[in-house]
Amino acid sequence: NYPQAKSVIADSAAGFVDLSDKLTFDPTKANSLLDEAGWKAGADGIRTKDGQRLELTLLVSKKVLNDALIPIAKENWRQIGVLLKPQVVDFNALMAQRKAGNYDLASFSTSTLNDPHDGVWDFYSSEAKESGYHNAEVDKLINAGNAVLDIEQRKPIYHQLYKVLADDPPVILLGYREILSASSARVSGFKPDIYNGLTGSLPDVKIVK
């Protein structure tokens, strides 16, 4: 049911589940953990261990968001002594390398979500073969979310699911786009809808003279 699905997504993604205390940026702690693991900063600031430099490749596709992401990510990783080496490839090549496991980090965007399951299905253990992610509680909650249709019953299930994912994250969420819509004051009956565009409003749209 698309209206219900949209409401669950909006309710879950728009701040009703406050996870800010679980998603802190703490380079001091990261540096301490790397020190404990034996990675020592070299003359250029990049950490080394047993003669190996701490370098990570980041797979990205060419897009405006990644143009902004790359310099920020490189600086953040350098703060903890890691050299980040971006590798810009087309989307098909990115997905192929990810599937083959030939990468350290990969950044990509999801498409429009018509149902909250669309945003979590690949965290299900049987689907997460590429990442190796497995969490029995996540599996249980995904099954529970798919077992009911009623909007009010689905909301608390997905709220709990996102809390579990925040404690054991399979991915790091970097951005959430907001889409702005505008229409003339002469137009009535238009309801912005990122899922169906203008077509969902057409039966009710009128031009006021």
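Which loop does L54 lie in? Read on through the close-ups of this predicted model to find out.

**Close-up 1. L54 sits in the loop between β3 and β4.** Let's start with that opening question: the loop that holds L54 links strands β3 and β4. Is L54 buried or exposed? With a relative accessible area of 12%, L54 is buried, because anything under 20% falls in that class. Now look for L83. In sequence, L54 and L83 are 29 residues apart, yet their C-alpha atoms are 6.4 Å apart in space. L83 is also one of the contacts of L54, once neighbours within four places in sequence are set aside. The others on that list are L34, W39, I46, R47, G81 and V82.

**Close-up 2. Strands β1, β2 and β3 make an open antiparallel sheet.** Read across the sheet and you'll meet the strands in the order β1-β2-β3. β1 (40–41) and β3 (52–53) are the edge strands, and each has a single partner, so one side of each has no neighbour in the sheet. Zoom in on β2 (residues 47–49) and β3, and you'll find two bridges pairing them in the antiparallel sense. To get your bearings, find K49: the residue standing opposite it in β3 is Q52. What holds paired strands together in general? Strands of a sheet pair through backbone hydrogen bonds, in either a parallel or an antiparallel way.

**Close-up 3. A second open sheet, also of three strands, pairs in parallel.** Here the order is β5-β4-β6, so don't expect the numbers to run in sequence. At the edges are β5 (83–88) and β6 (105–106), each of which pairs on one side only. β4 (residues 55–60) runs parallel to β6, and two bridges join them. A handy landmark is L59, which stands opposite A106 in β6. Lying across β4, β5 and β6 is helix α3 (residues 64–79), and its direction makes an angle of about 160° with β5.

**Close-up 4. Q97 belongs to helix α4.** The helix covers residues 91–100. Is Q97 buried or exposed? Its relative accessibility is 16%, so Q97 counts as buried. Leaving out residues up to four places away in sequence, Q97 touches L59, Q87, V89, N102 and Y103. You've already met L59 as the residue opposite A106.

**Close-up 5. Salt bridges join charged side chains in several spots, six in the total count.** The general idea is simple: side chains of opposite charge can pair when their charged atoms come close. Start with E55 and R53, whose side chains meet at 3.0 Å, N to O. E55 is partly exposed at 31% relative accessible area, and R53, at 33%, is partly exposed too. Next come D67 and K62, at 3.1 Å from N to O. D67 counts as partly exposed at 39%, while K62 counts as exposed at 63%.

**Close-up 6. E152 and K155 form a salt bridge in helix α6.** Here the N to O distance is 3.7 Å. How many residues apart are E152 and K155 in the helix? They are three residues apart in α6 (residues 151–167), which means about one helical turn separates them. E152 is exposed, with a relative accessible area of 51%, whereas K155 counts as buried at 17%. Salt bridges can also link up: shared partners join D44, R53, E55 and K85 into one network.

**Close-up 7. The largest nonpolar core has 13 residues.** V120, F123, Y133, V138, L161 and L165 have the most contacts inside this core. Two elements, α5 (136–146) and α6, give it two or more residues, and α6 provides the largest share, with six. Take a closer look at F123. Neighbours within four places in sequence aside, F123 is in contact with A128, Y133, V138, D139, I142, L165, P170 and V171. There's also a second, separate core of 12 residues, and W39, L56, V60 and I80 are among them. This fits a broader pattern: in soluble globular proteins, nonpolar side chains tend to be buried together.

Methods:
Residues are numbered from 1 along each chain as its sequence is written. This is a predicted model: local features need pLDDT of at least 70, side-chain atom pairs count only at pLDDT 80 or more; totals for chains, interfaces and linings use all residues. Side-chain values use heavy atoms; hydrogens and water are left out. Two strands pair if DSSP finds at least two bridges between them. Helices (H or I, at least four residues) and strands (E, at least two) are DSSP runs, numbered from the N terminus. Contact means heavy atoms within 4.5 Å. Axes are lines fitted to C-alpha atoms, for helices over the stretch in contact, and angles run from 0 to 180 degrees between N-to-C directions. A salt bridge is a side-chain nitrogen of Lys or Arg within 4 Å of a carboxyl oxygen of Asp or Glu. Buried means under 20% relative accessible area, exposed over 50%, partly exposed in between (1.4 Å probe, protein chains only). A nonpolar core is a set of buried Ala, Val, Leu, Ile, Met, Phe, Trp, Tyr and Cys residues joined through side-chain atoms within 4.5 Å.
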